[in-house]
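Please work through the following exercises with the sequence and the three-dimensional structure at hand. Each task is followed by a solution in steps.

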Amino acid sequence: MTTAITRQPEQREADIAGYGDALQQPARAGRSHAHLVRGLAGVPRSTLYEGRFGRMFRNLPPFVPGDDQIAAIAAAMVEQDPANPARDNEAIPAGYTYLGQFIDHDLTFDPQSSLERENDPDALTNFRSPGFDLDSVYGRGPIDQPYLYDERRPAGRFLIGEHDDVLDLPRNVQQTAIIGDPRNDENIFVSQLHLTMMLFHNRVLERLADFPEAAPRAGEDAFTAAQRVVRWHYQWMVVHDFLRRIVGGETLGEVLRREPLVPGGRPVEQVRLRFFHWRERPFMPVEFSVAAYRFGHSMVRARYRLNSTVPALPIFTSDPVETDPLGHFGGFRALPAGWQVEWRRFFDIDKETDQPPQLSRRIDTKVAPPLNELPPEEAPGMASLIRRNLTRGARLGLPSGQDVARAMGADPLTDAELALPQKGPAPLWYYVLREAELRADGRHLGPVGGRIVAEVFCGLLAADPTSYLSCDPGWRPFLPSAVPDDFTMADLIKFTGFGI
């Protein structure tokens, strides 16, 4: 019987050495969300305060649950009644689940990711800082990666794939998507979101002259002007639509405040951070990437309706993709005929419609069965995403949820409230989910998880010298929207005209 242990920071390296073995990951390029991002396994060896990955709570001891404890927690987290409407979250439509995945890939953009180099310490510092700059879409731009762009006029348009009367990501003869980040082809929903962002850029480029605010500034050509407009509207949507739904308005208001900098001045947005700090360049905290931001796994539905003709299907099945290609929404393949997404089924596109969008599931400790039985090409060696998440947290030496709560000045959840198979410290990921369930009725994250996510989002945006928050903190969106001076994912979709 393996038991939970608490290790001192200097003991972490030995834990990390066996991380790859624990997940039984082969040495091949990691394209899916279940694979380890390069640099992550090297975090405990780093003494730097900046780089690719780092720690938000450096002084807290790691909590390393034993394998048996991880197995017991994972078994308790599998959703037993996936069709029960009581777990639906009326505050968050289903599309935001996969928008969150898309945003995650944008933050952790790494075109050279390889499991063969997962312990490379240089990976901590030799990549650009994470940010909301859509590098997952733009790649290195039309000069360095011209194959991502359409050679026809106007210059700077993305190349869009089309076959069987559906729009798709551009692909080579082996159906591999030709995009800035291959992870965005992992499932049909995130690939259609990536396509939507490409079409958004193309539409902005086409209509650049229609908006005086979009006119090229000094040193900009039409492409870079359109890129700025796209990025700033995307950043606004990420913070004011997605993040507000995920962490709640109160938590967001504590981190991102709007007030004049000088008496009588116009209101501007200012970021107030208490826990996320860096010296030179911002980093990606593992408390965020391995625990708090994995809340989205509990939001996944067991089945979805993609459009009016495709029946309700799971996102994955336990069988290899080719076994039943029309029986699931797994990706890394050309979009099947008739599978164009209808975004009104995932976002509030039409407020007055009689058919509201599908809802996400509540943020709690239950995870839909398809994520417990991933196909072998998505999760070789360990099919349960639940166990993979818990194992990641253990091998990377994350602190317990209770310790993080105390460090943030919050009253930790009690043993009775946590309802773990055995009393004691809770894995941080589990703690964040349980806190959301008890403190916010699963509608959004609780005070600990929400604060971590809000500070990382707003901190990264403030640290980006090209973001609207750095260049013009009083800026407001100007593209067509349902509410003036605002811009939501629904507004972005309607502007493209795609999937409506």
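The exercises below treat cysteines, aromatic rings, charged side chains and the nonpolar core.

The model is predicted, so local features need pLDDT of at least 70 and side-chain atom pairs count only at pLDDT 80 or more, while totals for chains, interfaces and linings use all residues. Residues are numbered from 1 along each chain as its sequence is written, and side-chain values use heavy atoms, with hydrogens and water left out.

**Exercise 1. Cysteines**

Task: Determine how many disulfides a search of the whole structure finds, and classify Cys458 and Cys471 by accessibility.

Solution:
- Step 1. A disulfide is a pair of cysteine sulfur atoms within 2.5 Å. The search of the whole structure finds zero disulfides.
- Step 2. For accessibility, buried means under 20% relative accessible area, exposed means over 50%, and partly exposed lies in between (1.4 Å probe, protein chains only).
- Step 3. Cys458 has a relative accessible area of 1%, so this residue is buried. Cys471 has 44% relative accessibility and therefore counts as partly exposed.

**Exercise 2. Aromatic pairs**

Task: State how many aromatic pairs the structure holds, then describe the pair of Phe211 and Phe495 and the pair of Phe329 and Trp339.

Solution:
- Step 1. Rings of Phe, Tyr and Trp (its six-membered ring) pair if their centres lie within 6.5 Å; planes under 30 degrees apart count as stacked, over 60 as edge-to-face and the rest as tilted. There are 33 aromatic pairs in the structure.
- Step 2. The ring centres of Phe211 and Phe495 are 6.4 Å apart and the planes stand at 50 degrees, so this pair is tilted.
- Step 3. To place the pair, note that helices (H or I, at least four residues) and strands (E, at least two) are DSSP runs, numbered from the N terminus. Phe211 lies in the loop between helix 7 (188–206) and helix 8 (222–247), and Phe495 in helix 17 (residues 489–496); the pair thus links distant parts of the chain, 284 residues apart.
- Step 4. Phe211 counts as buried at 12% relative accessibility, and Phe495 counts as buried at 7%.
- Step 5. Phe329 and Trp339 form an edge-to-face pair, with 5.3 Å from centre to centre and 65 degrees between the planes. Both residues lie in the loop between helix 10 (286–289) and strand 10 (359–361), so the pair ties together parts that are 10 residues apart in sequence.
- Step 6. Phe329 is buried at 0% relative accessibility, and Trp339 is buried at 5%. Both belong to a cluster linked by ring pairs, whose members include Tyr96, Tyr98 and Phe347.

**Exercise 3. Charged side chains**

Task: Describe the surroundings of Arg301 and three salt bridges, those of Arg87 with Asp364, Arg344 with Glu342 and Asp403 with Arg406.

Solution:
- Step 1. Arg301 is found in the loop between helix 10 and strand 10 and counts as buried at 17% relative accessibility.
- Step 2. A polar contact is a pair of N or O atoms within 3.5 Å; within protein, one must be able to donate a hydrogen and the other to accept it, and residues adjacent in sequence count only if both atoms are side-chain atoms. One such contact, of 2.7 Å, joins the side chains of Arg301 and Asp88. A polar atom of the Arg301 side chain also lies 2.8 Å from the backbone oxygen of Leu359.
- Step 3. Side chains of opposite charge can pair when their charged atoms come close. A salt bridge is a side-chain nitrogen of Lys or Arg within 4 Å of a carboxyl oxygen of Asp or Glu. The structure holds 26 salt bridges.
- Step 4. Arg87 and Asp364 form a salt bridge of 2.7 Å, N to O. Arg87 lies in the loop between helix 3 (67–77) and strand 4 (88–93) and Asp364 in the loop between strand 10 and helix 11 (385–395), so the bridge ties together parts 277 residues apart in sequence. Both Arg87 and Asp364 are buried.
- Step 5. Arg344 and Glu342 meet in a salt bridge of 3.2 Å, N to O. Arg344 is partly exposed at 25% relative accessibility, whereas Glu342 is buried at 17%.
- Step 6. In the salt bridge of Asp403 and Arg406, the closest N and O atoms are 3.1 Å apart. These residues are three apart in helix 12 (residues 401–407), so about one helical turn separates Asp403 and Arg406.

**Exercise 4. The nonpolar core**

Task: Which residues have the most contacts inside the largest nonpolar core?

Solution:
- Step 1. A nonpolar core is a set of buried Ala, Val, Leu, Ile, Met, Phe, Trp, Tyr and Cys residues joined through side-chain atoms within 4.5 Å.
- Step 2. The largest core has 135 residues, and those with the most contacts inside it are Ile103, Phe457 and Met489. Helix 8 supplies the largest share of this core, 15 residues.
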